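This text goes through the nonpolar cores and the pockets of one protein model. The cores come before the pockets.

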Amino acid sequence: MALSIKNLSISLGSREILIDESVGLADGSKVGLIGRNGVGKTTFLKAILGQVDYNGKIEFNGKAAYFSQQVELDSNKTGWETIGENTPIHHQNQSEKKLQEIEQLLSRPEIHQDNDKVSKLMERYTTLQAEIAKLKGPSSANKVKSALRTLGIKEEWLEKKIGLLSTGQRAIIALAQILSSDADLLLLDEPTNHLDFKRLDILENYLRAFKGTVLMVTHDRYFLDRVCGIILKIEKGKWVKYKGNYSAYIKTRESTFKAQQTAYTLEKKYIAIQKDKIARLGKSPQKVKQGHYREKLLAKRKIIEKPDLDRSRFQTSFEASPIQSVVVLEVENLSVGYDKPLLSNINFNIGLDQRIILVGENGMGKSTLFKTIEGRVPVLSGKVILDPQAKLGYVDQELKDLTIKATLYDEIYPLFKDYAKTRQQLSRLGFVTDEDVYKPISRLSMGEKSRLNLLKILLKKPNLLLLDEPTNYLDIDACEIIEEAFLNYKGAILAISHDRYFIEKIAQRILKVSDGTIKELVKKNE
């Protein structure tokens with residue numbers, strides 16, 4: 001068993017994440033961990049690593065490596081310096097405990113009266129020391145080179161400081177650290193965020209061929225289908241384990257839900273009939289006694305709860321400010337970059353109601369283009385022509401526009417200066433209870449932060465949206481709800497995305513970064 005969990009309970013303040021849950025994952029399993037934003041997926045991964053307090057028992061074999069959805073690398077170090085560092089390897093130090101036990105035995109005088117026993121203890125002691133040294137040993141140069149080659153990491157990235165790399169490039173370097181480790185249990189928290197199509201394919205193939213065990217959180221439905229053979233869902237403090245990939249999970253969940261609905265309906269009907277019979281029994285002592293007996297039988301019946309798919313339930317729509325022009329944005333012979341151009345000779349326009357997806361490899365300048373259009377980065381040459389009535393909303397993939405120390409209420413209230421409207425707007429994206437609304441933003445999951453960030457931008461009613469990886473961090477249900485809202489949005493959308501479901505559902509046009517410029521790739525006729 002690669003991972004064994006018994007009677008696990010985890011709480012964060014007054015909120016219970018898991019309640020007395022047990023599960024086992026066999027060696028070599030590829031497991032997708034899913035559930036609504038804020039349900040505790042990241043917290044569970046951290047509990048495995050011993051970074052969160054819990055009750056119960058967690059045991060795993062070998063060495064575990066953790067990829068965090070918040071890529072935290074030293075911005076002042078170069079890529080070479082970073083990749084040369086070992087990723088933290090987590091193990092449960094069972095060997096060290098056994099060493100201590102042997103040391104205690106060897107400290108007892110009576111043990112030394114048996115030379116054969118002492119010899120065996122010393123032999124075991126030496127073996128355990130070697131195992132510990134192996135656990136703590138550095139990644140081999142060959143494994144590092146293999147990871148760099150596998151992920152297609154360019155030498156020019158490695159020569160730059162981490163702070164000068166794109167978000168996607170930093171994520172790829174962090175993944176290279178994980179893949180070059182000797183870990184046999186990979187705990188991956190949203191590893192597909194920020195990755196381009198090329199790296200998504202590489203990571204899919206790597207994980208499928210990986211001999212060890214993988215437990216990962218991801219909202220990427222294609223990725224779950226291609227990699228995972230088990231889906232583990234956290235809902236209402238419990239685990240539900242499904243065999244098969246994500247598509248198989250959906251079918252099983254739906255069929256189970258229908259069966260539960262049928263059982264619930266039949267049980268309600270049966271109880272109603274029995275209560276009606278009891279009510280019509282009459283008032284004689286014998287009938288009253290019979291009625292009490294039947295009531296006791298009903299009370300002993302196992303309660304069938306009303307079935308619930310445990311979906312994100314918020315409903316939302318996005319408004320756009322009125323605009324008269326047919327074309328919202330024109331880009332003419334544009335060059336974008338910093339010291340030198342990343343992209344040049346860019347020419348395209350965006351019409352009202354158009355939904356355009358921008359794709360391309362990591363580090364090619366997609367986010368820089370957005371920041372240039374929005375005005376955060378100066379134009380190197382060419383023109384960005386916004387219609388006078390255009391109202392631009394920019395959703396940054398790094399969520400830097402949120403005030404981390406504020407509560408959700410504090411963040412939204414200045415836009416309305418009205419309590420009721422603030423609460424109403426927060427509820428549109430699923431923040432309903434007082435606990436939700438007055439929670440510090442710092443305590444939100446990344447998916448909850450992503451929803452709040454999107455709300456903050458959209459409340460200003462932009463008619464041109466620049467969305468930089470808008471589905472990153474969102475749970476699958478939230479992705480589907482927000483995708484529907486984008487389909488009904490009356491403004492223009494230009495989005496960077498490598499979420500294949502999102503692209504298939506949203507895109508009317510696809511632009512691709514290629515050879516230092518942008519070209520029209522596909523046009524969908526609706």
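Contact here means that heavy atoms lie within 4.5 Å of each other. The model is a predicted one. Beyond its neighbours within four places in sequence, Leu151 is in contact with Ile172, Leu175, Ala176, Leu179, Arg199 and Ile202.

Leu151 also belongs to the largest nonpolar core, a set of 41 residues. Along with Leu151, the residues with the most contacts inside this core are Ile153, Leu186, Leu188, Leu207 and Met216. Among the elements, α7 gives the most to the core, with seven residues. A second core is separate from it and has 40 residues, including Ile412, Met446, Tyr489 and Ala495. In soluble globular proteins, nonpolar side chains tend to be buried together.

The pockets come next. The largest has a volume of about 920 Å³. Its lining is made up of 35 residues, and Leu164, Ser166, Tyr338, Leu342 and Thr368 are the closest to its centre. Two or more lining residues come from each of α6 (155-159), α7 (167-179), β12 (341-351) and α12 (366-374). Thus α7 appears both in this lining and in the largest core. By class, the lining holds nine nonpolar, 13 polar and 13 charged residues.

The second largest pocket has a volume of about 660 Å³. Of the 31 residues that line this pocket, Thr42, Thr43, Arg443, Leu444 and Ser445 lie nearest its centre. The elements α1 (41-48) and α16 (446-458) are those that give two or more residues to its lining. That lining divides into eight nonpolar, 11 polar and 12 charged residues.

Definitions and conventions. Residues are numbered from 1 along each chain as its sequence is written. This is a predicted model: local features need pLDDT of at least 70, side-chain atom pairs count only at pLDDT 80 or more; totals for chains, interfaces and linings use all residues. Side-chain values use heavy atoms; hydrogens and water are left out. On a 1 Å grid over the protein atoms alone, a cavity is a set of points where a 1.4 Å probe fits but cannot get out, and a pocket is an open set with protein on both sides within 12 Å along at least five of seven lines; lining residues have an atom within 4 Å of a point. Grid points are joined across faces, edges and corners, and a volume is the space filled by probe spheres set on the points. Helices (H or I, at least four residues) and strands (E, at least two) are DSSP runs, numbered from the N terminus. Ala, Val, Leu, Ile, Met, Phe, Trp, Tyr, Cys and Pro count as nonpolar, Asp, Glu, Lys and Arg as charged, and the others, Gly among them, as polar. A nonpolar core is a set of buried Ala, Val, Leu, Ile, Met, Phe, Trp, Tyr and Cys residues joined through side-chain atoms within 4.5 Å. Buried means under 20% relative accessible area, exposed over 50%, partly exposed in between (1.4 Å probe, protein chains only).
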